Amino acid sequence: MKRIISIFIIIASMAFSFSLEAQKKTSRSKGGKTDNKTFVINTTDICSDIRGYNGPVPLEIKVVNGKITCIRPLPNRESPGYFRRLVDADFFNRWNGLTLKQASEKEVDACTGATYSSRAVTETVKKAAKSRLK
């Protein structure tokens with residue numbers, strides 16, 4: 001139980017700090033052009049149909065000057081022990097430095113022991129990137 005609480009606190013604090021940082025400098029641009037812009041894609045609504053083991057895996061994807069700088073998981077119903085494997089494997093950093101176009105096409109291997117969750121994260125990133133490029 002303590003482990004679940006500590007994982008929840010870690011994820012919540014990451015999401016909170018990311019949200020505060022994003023609020024400081026958030027703007028939107030048309031056509032996916034993002035030069036000198038900072039914005040955050042929240043996948044809660046646009047990717048609710050993509051499911052991990054226990055449901056959707058919503059993310060916040062931060063983009064600065066046209067490149068992904070950070071992907072953070074939002075609260076979800078995945079098993080904390082398995083989801084922690086993604087964090088431990090540095091899974092969320094695999095898209096850092098990529099443009100949205102590159103991220104929408106990137107093939108990422110699933111994380112051993114968290115296959116459903118890692119596939120859901122990968123598909124969520126792809127769909128979010130594609131939706132932003134439209």
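Visitor: Hi! What share of the 134 residues in the protein chain is buried?
Guide: Buried residues make up 40% of them. Keep in mind that this is a predicted model.

Visitor: Got it. How many helices and strands are there?
Guide: The chain has four helices and three strands. Starting at the N terminus, the order of elements is α-β-β-β-α-α-α.

Visitor: And what about the accessible surface?
Guide: For the protein chain it comes to about 7,800 Å², and carbon and sulfur atoms hold 52% of that.

Visitor: Let's go inside. Which residues of the largest nonpolar core touch the most other members?
Guide: Those are Ile61, Trp95 and Val121, in a core of 26 residues. At least two core residues come from each of strand S1 (38-42), strand S2 (59-64), strand S3 (67-73), H2, H3 and helix H4 (115-133).

Visitor: Which element gives the most to this core?
Guide: H4 does, with five residues.

Visitor: You mentioned Trp95. What does Trp95 touch, not counting residues up to four places away in sequence?
Guide: Quite a list: Ile68, Ile71, Ala103, Lys106, Val108, Val121, Thr122 and Val125. Two of the names there, Ile68 and Ile71, also turn up as contacts of Asn96.

Visitor: Oh, then tell me about Asn96. Where is the place of Asn96?
Guide: Asn96 lies in the loop that connects helix H2 (80-88) with helix H3 (100-105).

Visitor: Why does Asn96 count as partly exposed?
Guide: Because its relative accessibility is 31%, and the partly exposed class runs between the buried limit of under 20% and the exposed limit of over 50%.

Visitor: What is Asn96 in contact with, leaving aside neighbours within four places in sequence?
Guide: Asn96 contacts Ile68, Thr69, Cys70 and Ile71. Its C-alpha atom is also 7.4 Å from that of Lys67, a residue 29 positions away along the chain. Within its own stretch of sequence, the Asn96 side chain makes a polar contact of 3.2 Å with the side chain of Asn93.

Visitor: Back to S3, then. Why is S3 largely enclosed by the rest of the structure?
Guide: Five of its seven residues are buried, so the rest of the structure largely encloses S3.

Visitor: How many bridges join S2 to S3?
Guide: Six, and the two strands run antiparallel. One of the pairings puts Leu59 opposite Pro73 of S3.

Visitor: Which residue in the hairpin of S2 and S3 takes a positive phi?
Guide: Asn65, with a phi near 50°; the hairpin has two residues between the strands.

How values were computed: Residues numbered from 1 in each chain as written. Predicted model: local features only at pLDDT ≥ 70, side-chain atom pairs only at ≥ 80, totals over all residues. Heavy atoms only, no water. Buried < 20%, exposed > 50% of the residue type's maximum accessible area, 1.4 Å probe, protein only. Contact = heavy atoms within 4.5 Å. Polar contact = N/O pair within 3.5 Å; in protein donor to acceptor, adjacent residues only side chain to side chain. Core = buried A, V, L, I, M, F, W, Y, C linked by side-chain atoms within 4.5 Å. Areas by Shrake-Rupley, 256 points an atom, 1.4 Å probe, with all protein chains shown as cover. Pairing = 2+ DSSP bridges.
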